[in-house]
Amino acid sequence: MSVQNIFDAVLDFDEDLAVEGVKKEIAAGTDVSQILNQGLIGAMDEVGKRFSAGDLFVPEMLMAAQAMKAGLDVLKPHLAKGDTVTRGAVVIGTVKGDLHDIGKNLVAMMLEGAGFEVFDIGMDVDVEKFLATAQEKNAGIIAMSALLTTTMPGMEEVVKTIRAKELNIKTLVGGAPVTPEFARKIGADAYCEDAPAAVEAARKYS
Ligand code: B1M
């Protein structure tokens with residue numbers, strides 16, 4: 001076993017092997033930040049690249065993210081402050097009235113896999129909950145998902161409230177009906193077509 005095996009396990013979508021690999025490396029005394037950054041995060045970076053290149057599709061990306069998450073759960077208790085890349089905190093949710101969460105969950109897992117501290121506040125999230133959580137968790141980024149044309153205005157409400165309160169929080173928006181034009185029109189900081197794009201945008205603002 002080596003950190004490379006963990007990387008390979010994630011890319012093979014093998015949850016059990018990813019968990020086994022992380023356990024073995026911890027037992028062998030391998031630097032936990034190496035397990036995290038080269039094994040788990042490195043693999044998710046590669047998954048993002050392959051998805052963007054059209055070599056991987058959503059179901060595979062979900063399976064890889066699940067393998068990464070299983071490995072990360074084993075590693076988490078061993079992570080001391082300073083081991084993580086700590087790219088910053090992100091609050092993510094599906095906007096008010098919207099109960100679609102598959103894409104949002106995928107984005108959350110990819111962000112976590114990229115080293116962000118992710119606070120997933122679920123579906124049907126109103127503006128107050130987005131802002132209260134971001135302030136409580138000291139998150140610089142709010143990521144919003146909408147799958148219904150009727151719920152997209154919820155994104156604008158969040159962006160407007162952030163502006164009105166002059167808060168230093170960046171807004172990322174995504175979801176099937178969301179377009180770059182809509183994101184621009186409501187004044188969101190970034191439109192994210194898919195999960196790797198969300199990771200890229202979050203990196204830009206962290
Ligand atoms: Co619904 N649904 N649904 N649905 N559903 C759609 C969205 C719809 C397009 C189907 C259709 O009619 N063709 C349509 C919306 C039409 C519209 O408004 N334009 C629709 C409808 C109408 C409805 C109901 C109103 C149906 C009804 O009850 N009459 C109802 C609404 C409930 C509600 O939300 N209040 C409803 C209910 C449901 C289910 C509960 C049955 C289920 C959701 C289960 C769940 O999520 N837990 C469901 C599903 C599964 C779908 C479809 C089939 C699939 C959505 C999905 O998960 N895609 C969908 C049709 C479709 O999209 N083909 C449909 C896979 C997922 C990985 O992709 O979410 O696009 P996606 O995420 C992508 C990107 O968009 C992006 O990254 C992801 C990965 O690449 N992304 C982000 C997403 N969020 C992001 C956030 C970011 C960044 C990127 O943050 C920065």
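Student: Which element gives the most residues to the shell around the ligand, and how many?
Tutor: Welcome! This is a predicted model. In this model, 25 residues surround the ligand. The element that gives the most to this shell is α5, and its share is 4 residues.

Student: Which residues around the ligand are the closest?
Tutor: The shell is made up of 25 residues. By class, 14 of them are nonpolar, 7 are polar and 4 are charged. The closest are G97, L99, H100, D101 and S145.

Student: Which protein residue is the donor of the cobalt atom of the ligand?
Tutor: Look in the loop between β1 (89-94) and α5, where H100 has its place. The NE2 atom of this residue is 2.2 Å from the cobalt atom. The only protein donor of the cobalt is therefore, with a cut-off of 2.8 Å for donors, H100.

Student: How far does a polar side-chain atom of D101 lie from a nitrogen atom of the ligand?
Tutor: D101 is one of the closest residues to the ligand. Here a polar atom of the D101 side chain faces a nitrogen atom of the ligand, and the distance is 2.7 Å.

Student: Which residue has a polar backbone atom 3.0 Å from an oxygen atom of the ligand?
Tutor: Let's keep two backbone contacts apart. A backbone N or O atom of G97 lies 3.0 Å from a nitrogen atom of the ligand. With an oxygen atom of the ligand, the polar backbone atom at 3.0 Å belongs to T149.

Student: Which elements give two or more residues to the shell around the ligand?
Tutor: We have already met one of them, the helix that gives 4 residues. Strands appear in the answer too. The elements giving two or more residues are β3 (141-145), β4 (170-174) and α5.

Student: Is T171 buried or exposed?
Tutor: T171 has its place in strand β4. Residues it touches, not counting those up to four places away in sequence, are I142, M144, V159, I162, G187, A188, D189 and A190. Its relative accessibility is 2%, and because buried means under 20%, T171 counts as buried.

Student: How far does helix α4 reach from its first C-alpha to its last?
Tutor: Helix α4 covers residues 58-75, which is 18 residues. At 1.5 Å a residue, the expected span is 26 Å. The model comes close to that, with a reach of 25 Å.

Student: Which helices do the buried residues of α4 pack against?
Tutor: Start with the buried residues themselves: M61, L62, A64, A65, A67, M68, A70, G71, L72, V74 and L75. In an α-helix there are 3.6 residues a turn, so residues three or four places apart point the same way. The partners of the buried residues in α4 are α1 (3-11), α2 (15-27), α3 (32-52), α5 (102-113) and α9 (195-204).

Student: How far apart in space are M61 and M110, C-alpha to C-alpha?
Tutor: M61 is in helix α4 and counts as buried, at 1% relative accessibility. Not counting residues up to four places away in sequence, M61 touches V47, F51, L106, M110, A195 and P196. Although M61 and M110 are 49 residues apart in sequence, their C-alpha distance is 8.8 Å.

Student: What is the relative accessible area of V47?
Tutor: V47 is found in helix α3. Leaving aside neighbours within four places in sequence, V47 is in contact with L11, L56, M61, A64 and M110. V47 is buried, and its relative accessible area is 0%.

Student: Which residues does V19 touch, not counting those up to four places away in sequence?
Tutor: V19 lies in helix α2 and is buried, with a relative accessible area of 18%. V19 and L75 are 56 residues apart in sequence, yet 8.9 Å apart in space, C-alpha to C-alpha. The residues V19 touches are A70, G71 and V74.

Student: Where is F13, which has a positive phi although it is not a glycine?
Tutor: The phi of F13 is about 60°. F13 is partly exposed, with a relative accessible area of 27%. Its place is the loop between α1 and α2.

Student: Is N138 buried or exposed?
Tutor: N138 is not a glycine, but its phi is positive, about 55°. It lies in the loop between α6 (127-136) and β3. Its relative accessible area is 68%, and because exposed means over 50%, N138 is exposed.

Conventions. Residues are numbered from 1 along each chain as its sequence is written. This is a predicted model: local features need pLDDT of at least 70, side-chain atom pairs count only at pLDDT 80 or more; totals for chains, interfaces and linings use all residues. Side-chain values use heavy atoms; hydrogens and water are left out. The expected span of a helix is 1.5 Å times one less than its number of residues. Buried means under 20% relative accessible area, exposed over 50%, partly exposed in between (1.4 Å probe, protein chains only). Contact means heavy atoms within 4.5 Å. A residue is near a molecule or strand if one of its heavy atoms lies within 4 Å of it. A polar contact is a pair of N or O atoms within 3.5 Å; within protein, one must be able to donate a hydrogen and the other to accept it, and residues adjacent in sequence count only if both atoms are side-chain atoms. Ala, Val, Leu, Ile, Met, Phe, Trp, Tyr, Cys and Pro count as nonpolar, Asp, Glu, Lys and Arg as charged, and the others, Gly among them, as polar. Donors are N, O and S atoms within 2.8 Å of the metal (3.2 Å for Na, K and Ca); water is not among the atoms, so sites may look incomplete.
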